[in-house]
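Dear colleague,

I am passing on the structure below, together with a short account of what was found in it. Please have it open beside you as you read.

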There are 2 protein chains.
Amino acid sequence: MIYQVSIIGSGQVAFHLITLFKNNKNFELKQVCARQFEKVSGWINHAQWVADINQLSEADLLIVAVSDQALPAIAEQILLKNTLVVHTSGTQPMSVFGQHLNFGVFYPLQTFSMSKDIDFSQTPLCIEANNPHNLAFLEDLANKISSKVAHVSSHQRKILHLCAVFVCNFVNHLYHIGASLSEKHQVPFELLMPLIEETTNKIKYLHPKEAQTGPAKRGDESTMQAHLELLDDELLKTIYKTISLAIRKNEL
Amino acid sequence: MIYQVSIIGSGQVAFHLITLFKNNKNFELKQVCARQFEKVSGWINHAQWVADINQLSEADLLIVAVSDQALPAIAEQILLKNTLVVHTSGTQPMSVFGQHLNFGVFYPLQTFSMSKDIDFSQTPLCIEANNPHNLAFLEDLANKISSKVAHVSSHQRKILHLCAVFVCNFVNHLYHIGASLSEKHQVPFELLMPLIEETTNKIKYLHPKEAQTGPAKRGDESTMQAHLELLDDELLKTIYKTISLAIRKNEL
């Protein structure tokens, strides 16, 4: 069976999903709905571009990959009856589609940037649907994409999204701080890459509590003081002090 | 040539170095100096255990893998003349050995836990020595261990160590926060592993500034507010607010 999929959106998540569905032979990318043709014209191959939501025709799945803010208004405008309509948001409840017949959530738990490809086969797809039939259908479909399909409730998804902010967005910012300090003091950031990889690799084997190392864990005040003196940005000092305090609290 | 290496210390770094040198055929682990025999007896194979620093005999290299606090006093007690004496500290200057003839630094830029093996062949070894002859010798020796040997000054090493706190110790604490929240709300932390791996993987291709995603980058106040309401620990809220503010500042 070839699933017909349409997508609303022109952001990073929409881009990666369009790329996914146009290249996977289990799927036909049917329509892409985006206000500006120019934004998506390079992505959509043979799929039909439509500007308005009321131009969408029935398909097996309609994925609404728009911002959380835009989602409720767009949900209201969708008039399809037989199509399973899902969104990709980590934070919005499934009930945003409450007025529909067939609806759910298709949340890829991943970080999306335009210039970096995504391996969807290893990306957890967190799914939810308004009835067992739709859930089974969505699960079959998701299994054609990823080996990591999970039934996740709206509340669990909210928690996963919160965790994702800590383990992805905030972690990336710490990498950014490391890169900025390296650049400022002219030491090569590449020297830190094996450490960065090992830090990630380690938690496959050890609980992060067991994996913790460093001056804050040891309560090494003189090293922490020396580090604070090397930092000249107040916000950076606050980040250093706050996380060090939290690490220390876990040890006591 | 087989290098004779002796080690002072019984902590995590000493453990991993002992394991390294006893298993690499380019080296003979000669003596291990540690106050308590019981602590190191299981690690040292055919190497000789000595309790006192004055029992150490000449070797090609003596590695002092002790805490920063203990290092100055131990440096004073070492009476060897021909042996190149190095320490493994990220923060202590090479000059802690100023009274010696042959000295330097051998700083493996890595995170060490007892229960996790280290691949030294991929671990940057940051070396420094008191003269070009000793530096060349230390470089030859280090090249037998790792493909990532780097000449790093005492000041550069201090910066790398500071960066390491951000990209390793603090990152691990964020993993710990993610794991704790998952456990508390009964969602499987494994679902976050592909995201964690991709976050690390991404910065091989993109500068961390380009790789940044999430509500703070987008200035999505309502998601950030909802996240803060899910957190009940004040320190955790402070970490969330401070890093979000720093991410947002970078975007403006």
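In this predicted model, a good place to begin is chain A, where strand β1 (residues 3-8) pairs with β4 in the parallel sense over four bridges, and where A:I7 stands opposite A:I63 of β4. β4 of chain A also pairs with strand β5 (residues 84-87), again in the parallel sense and over four bridges, with A:V64 facing A:H87 of β5. Together with helix α3 (residues 71-77), β4 and β5 of chain A make a right-handed β-α-β unit.

These strands belong to an open sheet of eight in chain A, which has mixed pairing and follows the order β3-β2-β1-β4-β5-β6-β7-β8. Its edge strands are β3 (48-50) and β8 (149-151), each of which pairs on one side only, and neighbouring strands are turned by 25 degrees against each other on average, direction ignored. Helix α1 (residues 12-23) of chain A packs on this sheet and touches β1, β2 (27-33) and β4.

As for β4 of chain A (residues 61-64), both of its faces are covered, since A:L61 and A:I63 on one side and A:L62 and A:V64 on the other are all buried. Apart from neighbours within four places in sequence, A:I63 is in contact with A:V5, A:I7, A:L17, A:V86, A:T88 and A:F106.

The largest nonpolar core has 157 residues, and A:I63 and A:V64 are among those that touch the most other members, as are B:I63 and B:V64. The largest share of this core, 15 residues, comes from helix α5 (residues 154-184) of chain B.

With best wishes

Methods. Residues numbered from 1 in each chain as written. Chains lettered and ligands numbered in written order. Predicted model: local features only at pLDDT ≥ 70, side-chain atom pairs only at ≥ 80, totals over all residues. Core = buried A, V, L, I, M, F, W, Y, C linked by C-beta atoms within 7 Å. Buried ≥ 20, exposed ≤ 12 C-beta atoms within 10 Å, placed from the backbone. Helix = DSSP H or I, 4+ residues; strand = E, 2+ residues; numbered from the N terminus. Contact = placed C-beta atoms within 7 Å. Pairing = 2+ DSSP bridges. Right-handed = clockwise from strand over helix to strand, strands pointing away. Axes fitted to C-alpha atoms, helices over the stretch in contact; angles between N-to-C directions.
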